[in-house]
Amino acid sequence: MLCVLPLSFDYGQNQLFSSWRAGGRAIPLDYLTARDVVKAVERYDATTLAGVPPLWVQVLEAEWGETAGKLRRLTNSGGALTPRMVRGLRERFPNADLYPMYGLTEAFRSTFLDPTLVDANPDSMGRAIPFAEIIIVRPDGSRADPGEAGELVHAGPLVAQGVGRHPEHCGR
């Protein structure tokens, strides 16, 4: 797994720890350009690349050639993928499963979208991860209908201690 995210960022640190836990190898990379990412994937035979939307914009502008075929997993967090970005990533990396994840820093991750559903639902935030309690609310605080945009509210044991609780949103 090629880690181009700062280790001070919750997502970067999680990539490091989860790679080690799974018996994998994490390769930290302090990159200047997207070309550095391409070279690192080639040099280290990386199969997973974790990124955030600004990185994906750069990655999609880089020349990948056959190196693009090495990647098997792309994981995203730190911001929403646009449908255009999803299409670009799927075209550029046809051998890679795309794992969009969403959440709040205070809860690390709240949801993920199964890679088999990404193409048909490129702007979906997916389903709650195990042990997460999530709802989407309108600006007035009422629950949003399925498919309706709104604010993500996450409750449960995965939320960091000390984060304010909102019983009117979470049913507590």
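Okay, so let's start with two strands, β7, which is 127-128, and β8, which is 133-137: each of them puts at least two residues into the lining of the largest pocket. Of the elements, β8 is the top contributor, giving three residues to that lining. Keep in mind as we go that this is a predicted model.

What is the volume of that pocket? It comes out at about 570 Å³. There are 19 residues lining the pocket, and the ones nearest its centre are Met125, Gly126, Ile136, Gly147 and Glu148. If you have the structure up, those five are a good way to find the spot. As for the chemistry of the lining, you've got 10 nonpolar residues, five charged and four polar.

Right, let's zoom out to the whole chain. How many helices and strands does the protein have? Five helices and nine strands. Going along the sequence, the order reads β-α-β-α-β-α-β-α-β-β-β-β-β-α. So you get strands and helices taking turns, then a run of strands, and a helix to finish.

A few overall numbers while we're here. The protein has 172 residues, and 38% of them count as buried. The accessible surface is about 10,000 Å², with carbon and sulfur atoms making up 52% of that. And if you take the contacts with a separation of 6 or more, 53% of them link residues 24 or more positions apart.

Now for a bit of local detail, and I've picked helix α2, residues 34-44. Which residues of α2 are buried? Those are Ala34, Val37, Val38, Ala40 and Val41. Look down the axis of α2 and the buried residues sit within an arc of 165°, so they line one face of the helix. Right after α2 comes Asp45, and its phi is positive, near 50°.

Staying with α2, there's a loop residue I'd like to show you. Thr67 is in the loop between α3, which is 53-61, and β4, which is 73-76. Is Thr67 buried or exposed? Its relative accessibility is 10%, and the cut-off for buried is under 20%, so Thr67 counts as buried. And what does Thr67 touch, once you leave aside its neighbours within four places in sequence? Its contacts are Val38, Val41 and Glu42. Two names there should ring a bell: Val38 and Val41 were both on the list of buried residues in α2.

That's my tour, so over to you.

Note on methods:
Residues are numbered from 1 along each chain as its sequence is written. This is a predicted model: local features need pLDDT of at least 70, side-chain atom pairs count only at pLDDT 80 or more; totals for chains, interfaces and linings use all residues. Side-chain values use heavy atoms; hydrogens and water are left out. On a 1 Å grid over the protein atoms alone, a cavity is a set of points where a 1.4 Å probe fits but cannot get out, and a pocket is an open set with protein on both sides within 12 Å along at least five of seven lines; lining residues have an atom within 4 Å of a point. Grid points are joined across faces, edges and corners, and a volume is the space filled by probe spheres set on the points. Helices (H or I, at least four residues) and strands (E, at least two) are DSSP runs, numbered from the N terminus. Ala, Val, Leu, Ile, Met, Phe, Trp, Tyr, Cys and Pro count as nonpolar, Asp, Glu, Lys and Arg as charged, and the others, Gly among them, as polar. Buried means under 20% relative accessible area, exposed over 50%, partly exposed in between (1.4 Å probe, protein chains only). Contact means heavy atoms within 4.5 Å. Accessible areas come from the Shrake-Rupley method with a 1.4 Å probe; for residues, only the protein chains shown count as cover. The arc is that of the directions from the helix axis to the C-beta atoms.
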